[in-house]
Amino acid sequence: MEYLTERLRNFLHEHVLPVENQLISGRDDGTLRALQLRARDAGLWALPLPEHLGGAGLSLTEYAELAVLEGHSDAGPAVFGSDLLLDATMLDLHGGPSVHARYLRPMVAGDAPPSFAMTEPGRAGSDPASMATTAVRDGGAWVLTGRKWFVSRAATAAFTTVACRTPSGISLIVVPSGAPGWRIVREVPVLGAGGQYELALERVRVPVDHLLGAEGEGLAVAGERLALGRTLRCLRWLGQAQRAFDLMLERMRGRHVRGGVLADRQLLHRYVFDSHADLLAAASATRLAVDALARGTDPRTAVGTAKVLTARAFDAVVDRAIQIHGAEGLSDDTPLAMLHRSARAARILDGPDETHVTAVARRLLAVTSPPPAPGPG
């Protein structure tokens, strides 16, 4: 595992970081695919995917450290194919033979990028009951109508798994990109950066066998993604936060101001200590989430806690690193502006922090405390 970690670290620094701005832009100029093929040749492709899907079959526990390393760049998971884990697992478990042949197999080969559409304009993403996108049966097809937004990779995806309302409840249906009636409305800028999209579905017809699982069970299928997906995000946010921390330390050691380096300014030592402590707490919480998933116990409290602590740590560490860099930290001459966008979004993605705080607190309050030990006598 140590040798694999070193190979991945070298690949990341030699091939990914130099072109990450280009990769993160979401524009398909062939760079991502070329790096994916190179990662495959290096034995670094799809490390957490099961072997029967063409992955290396690493368990979450084995993969966790590598996920942090891949997460040093937002583009890392896509380059190494690990970002396919959630969609590959979902399609493998709940897709029929047609979905496997048309979407799953090309996807895990790196030839058919996926996207996932849940949230809708003007509606709370945390409230699926408000979902307005519909799918109705018409002979041998589903006909989908509605709007989705904050759909990552929609511009380059081969298909989108769409959450929609069917007569039996919320369902998930696979929709090929470019189908008649499928349309990208616009790119949705996120703090000035692209990569997210709004989609219109205008009576899009897809075969009935593109339904994942049973009709009306979409929330249960989507729910299977949540705990693992949030934990993977935490691991990758830890990698980006560590990168910001390393940039902070490097700046403090090398920046000369009025006859000394910033590292000698005691006022700034608090930034170093607080960041170090934040990262330790977030890493510890994320390890507990990984352990809960690995053991198969109820992971909700561990994952919710890790999500909040890691998002907060990521945001705080990047903010301090920008402050240490001064005006340069606000520019694109360093990765910090890019990391700041990701860090600020982290407190909203996969459910806003407030939702997780409330959910965790309610579960803790519902736990019955053991009776007090009897007193003396």
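**Exercise 1. Find the residues on the outer face of helix 1, then describe its buried side.**

Step 1. Turned away from the buried side of helix 1, the face with the exposed residues carries Glu2, Tyr3 and Glu14. Here exposed means over 50% relative accessible area, buried under 20%, and partly exposed in between (1.4 Å probe, protein chains only). Helices (H or I, at least four residues) and strands (E, at least two) are DSSP runs, numbered from the N terminus.

A word on the model before we go on. This is a predicted model, in which local features need pLDDT of at least 70 and side-chain atom pairs count only at pLDDT 80 or more, while totals for chains, interfaces and linings use all residues. Residues are numbered from 1 along each chain as its sequence is written, and side-chain values use heavy atoms, with hydrogens and water left out.

Step 2. Now list the buried residues of helix 1: Leu4, Thr5, Leu8, Phe11, Leu12 and Val16. Seen down the axis of helix 1, these buried residues fall within an arc of 130°, so they line one face of the helix. The arc is that of the directions from the helix axis to the C-beta atoms. An α-helix has 3.6 residues a turn, so residues three or four places apart point the same way.

Step 3. Look at the partners: the buried residues of helix 1 pack against helix 2 (20-24), helix 3, helix 4 and helix 5 (76-80). Contact means heavy atoms within 4.5 Å.

**Exercise 2. Check the length of helix 7 and locate its buried residues.**

Step 1. The 12 residues of helix 7 (residues 97-108) should span 16 Å at 1.5 Å a residue, and its end C-alpha atoms are 15 Å apart, which agrees. The expected span is 1.5 Å times one less than the number of residues.

Step 2. Val99, His100, Tyr103, Leu104, Met107 and Val108 are the buried residues of helix 7. Viewed down the axis of helix 7, they fall within an arc of 130°, so they line one face of the helix.

Step 3. Their cover includes helix 3 (31-41), helix 6 (85-94), strand 1 (114-117), strand 4 (159-166), strand 5 (169-176) and strand 8 (211-212).

Step 4. After helix 7 comes Gly110, with a positive phi near 90°.

**Exercise 3. Work out which helices line the second largest pocket.**

Step 1. On a 1 Å grid over the protein atoms alone, a pocket is an open set of points with protein on both sides within 12 Å along at least five of seven lines, and lining residues have an atom within 4 Å of a point. Grid points are joined across faces, edges and corners, and a volume is the space filled by probe spheres set on the points. The second largest pocket holds about 410 Å³ of space.

Step 2. Its lining has 19 residues, of which Glu65, Val68, Leu238, Ala283 and Arg287 lie nearest the centre.

Step 3. Helix 1 (2-16), helix 4 (60-70), helix 8 (218-254) and helix 9 (266-295) each supply at least two lining residues. Helix 9 gives the most, with 8 residues.

**Exercise 4. Where do Arg203 and Asp350 lie?**

Step 1. Arg203 lies in strand 7 (residues 193-207). Its phi is positive, near 55°, in a residue other than glycine. Arg203 is exposed, with a relative accessible area of 55%.

Step 2. Asp350 lies in the loop between helix 11 (336-346) and helix 12 (353-366). Asp350 is not a glycine, yet has a positive phi of about 60°. At 24% relative accessibility, Asp350 counts as partly exposed.

Note on methods:
1 Å grid on protein atoms, 1.4 Å probe; cavity = no way out; pocket = protein on both sides within 12 Å on 5 of 7 lines; lining within 4 Å.
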